[in-house]
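Notebook open. I am looking up salt bridges first, then the chain contact.

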Amino acid sequence: MKFRGKIVDGACLNHFTRISNMIAKLAKTCTLRISPDKLNFILCDKLANGGVSMWCELEQENFFSEFQMEGFSAENNEIYLELTSENLSRALKTAQNARALKIKLTNKHFPCLTVSVELFSMSSSTRIATHDIPIKVIPRKLWKDLQEPMVPDPDVSIYLPVLKTMKSVVEKMKNISSHLVIEANRDGELNLKIETELVCVTTHFKDLGNPPLASESTSQDRNPEHMAEVHIDIRKLLQFLAGQQVNPTKALCNIVTNKMVHFHLLHEDVSLQYFIPALS
Amino acid sequence: MNENEHDTTLNLKCKLGMKSILPIFRCLNSLERNIEKCKIFTRSDKCKVVIQFFYRHGIKRTHNICFEESQPLQVIFDKNVCTNTLMIQPRLLADAIVLFTSSQEEVTLAVTPLNFCLKSSNEESMDLSNAVYSEMFVGSDDFDFFQIGMNTEITFCFKELKGILTFSEVTHAPISIYFDFPGKPLALSIDDMLVEANFILATLADEPSRASSPQSLCLSQKRKRSDLIKKKAGKNVTGQTLECISRKAAPRRIYPKETLTNISALENCGSPGMKRANGDISEVSESSVSNTEEVPGSRCLRKFSCMFFGAVSSDQQEHFNHPFDSLARASDSEEDMNNGRFSLS
């Protein structure tokens, strides 16, 4: 298995670094899937993650000026690696004003993802920093668990409000309760509710707008003001919101009543999907 | 200078708490704008250092800080005979340092006549399978002075280096680095118009077979995992020479809280011979030895100690020429320790 990529454009590098920072905030350990045209950061819904799963996808040609990979085999031309997300984001942080960034799969004592940063230097000599990030290659038989999650038909699909606002609301709510109810309707209204013995707090967001539905059949029956709700763990929602340092280009929320909430964000050309299951 | 009632100047060696001094000089901007004069003097009758700020309109602010007399330590180390000498603007080195993840205890410096490389210490990264191994090359052009007499790789405490660089960025002078082979101390030196500071760091030695120069009195030690440090807990070091202690055990072990004496703190290899200046004229006004006191549950004991020599008053010009002259062998009997009131920070 081989992989080498090079990023030379400053804007691409910064964007890649931001994505990596976001992943580091969302998942301590994640899977990096390398395929001929895409890179994916994956978190599968194991119990260890609390049932949360994440699927982040980016087109490699939007970032890399050079990209070569050779997967497990010709039929399975993919590479799945497990790494500590923070190691990658820290290594990329050093590439802030770099001339070029190279990433490649290496095997020095143990398998690594080597990030090599070529920095500008005051004098003529270029400065090079190399970081060997230890990784684990995920065997072929486990790949089936790491596929793109199926998105069930949502009961309600709604655009999210400004994430920073949502985050500050949820942060305060976390002090009161550990469960939160997200509910939304097709009339552009989203509510965040917490309820304890002593107090109920609801924050209402209005005029958010709903994306056009894929399947029109079920929607006709329902009253647009009818709320679809799901109970989730507030910390999981907060972790997701805290990971968004930059306002996304597009932010969508799909609710499947009492089953899960699915967030779909677009950061320029990078798509992030985050699934939080309902509390049983 | 310090004066007592009889108007003679005294060489006072004392210690002041950093917590007392820092708040006084905290707001640099307001100090520069509003203060016309600052007077610092001692009142040895009351064991206080008095710092007075004279503002406009006759306003005067006085701070009285208690001091404690101390016998500073001195190091047997002549930086001028080191085969490798580098000089670089601290800013450039600090930029390189930023690349290393903060969890690292040690960093290795590898030099050849052509280049300079900072890298994660091998020992450390092998232990933790999750650790990132980093390398950073700085071209010789970035240095103001680059003289390497011998290819070498030395390992020393990263935290100390970071602290020293932060300190040196305040001065506008380049920082000079003097070193030799692993085991021999590393000196970092800043010489500004007003301040001269020398930091001596211990470095990790290689094999016990490596000959160590008698002058420097450093002890080579095996790279063996052991918990000999435990033996030191609470005990003063007896015996003539610095004991040969192997490197501390693997990071994962949890150590009880120990107050290591200064000598035991220096027992890791490469510590220079120590002597307390018993009233000798020294070029330093204050020194402190950081030791490796750890809280329970910490993964890695800090492996090195370092010596920090403070600023020198310009009156003591003659000491600049022979910085490390007035030294004798290490004295580490219990009696000496008590007299000197070694501080354990």
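I started with a network of salt bridges that links Asp233(A), Arg235(A) and Lys236(A). The rule I used for a salt bridge is a side-chain nitrogen of Lys or Arg within 4 Å of a carboxyl oxygen of Asp or Glu. The model is predicted: local features need pLDDT of at least 70, side-chain atom pairs count only at pLDDT 80 or more, and totals for chains, interfaces and linings use all residues. Residues are numbered from 1 along each chain as its sequence is written, chains are lettered from A and ligands numbered from 1 in the order in which they are written, and side-chain values use heavy atoms, with hydrogens and water left out.

Within the network I looked up Lys236(A) and Asp233(A), whose closest N and O atoms are 4.0 Å apart. Buried or exposed? I took buried as under 20% relative accessible area, exposed as over 50% and partly exposed as in between (1.4 Å probe, protein chains only). Lys236(A) is buried at 18%, and Asp233(A) is buried at 10%.

Next entry: Glu118(A) and Arg99(A). Their side chains form a salt bridge with an N to O distance of 3.8 Å. Glu118(A) sits in strand 8 (residues 110–119) of chain A and Arg99(A) in strand 7 (residues 98–108) of chain A, so the pair ties together parts 19 residues apart in sequence. For helices and strands I used DSSP runs, numbered from the N terminus (helices H or I, at least four residues; strands E, at least two). Glu118(A) is partly exposed, with a relative accessible area of 24%. Arg99(A) is also partly exposed, at 35%.

I then went to chain B. Lys15(B) and Glu68(B) make a salt bridge, with the closest N and O atoms 3.3 Å apart. This pair links distant parts of the chain, 53 residues apart: Lys15(B) is in strand 3 (residues 14–15) of chain B and Glu68(B) in strand 7 (residues 68–69) of chain B. Lys15(B) is buried, with a relative accessible area of 18%, whereas Glu68(B) is partly exposed at 39%. Over all chains I get 15 salt bridges by the rule.

How many salt bridges cross the interface of chain B and chain A? The rule finds 0 there. I do find 4 residue pairs in polar contact across the interface, both residues at pLDDT 80 or more. A polar contact is a pair of N or O atoms within 3.5 Å; within protein, one must be able to donate a hydrogen and the other to accept it, and residues adjacent in sequence count only if both atoms are side-chain atoms.

On the chain B side, helix 3 (90–97) and strand 12 (133–139) each supply at least two residues that touch chain A. Strand 12 of chain B gives the largest share of that side, 7 residues.

I noted the extent of the contact (heavy atoms within 4.5 Å). Chain B and chain A contribute 18 residues each.

Last, the strands across the interface. Strand 9 (residues 127–134) of chain A and strand 12 of chain B run antiparallel and are joined by 5 bridges. I counted two strands as paired if DSSP finds at least two bridges between them. Ala129(A) has Met136(B), in strand 12 of chain B, as its bridge partner.

For chain A as a whole I recorded 5 helices and 18 strands. Of its 280 residues, 50% count as buried.
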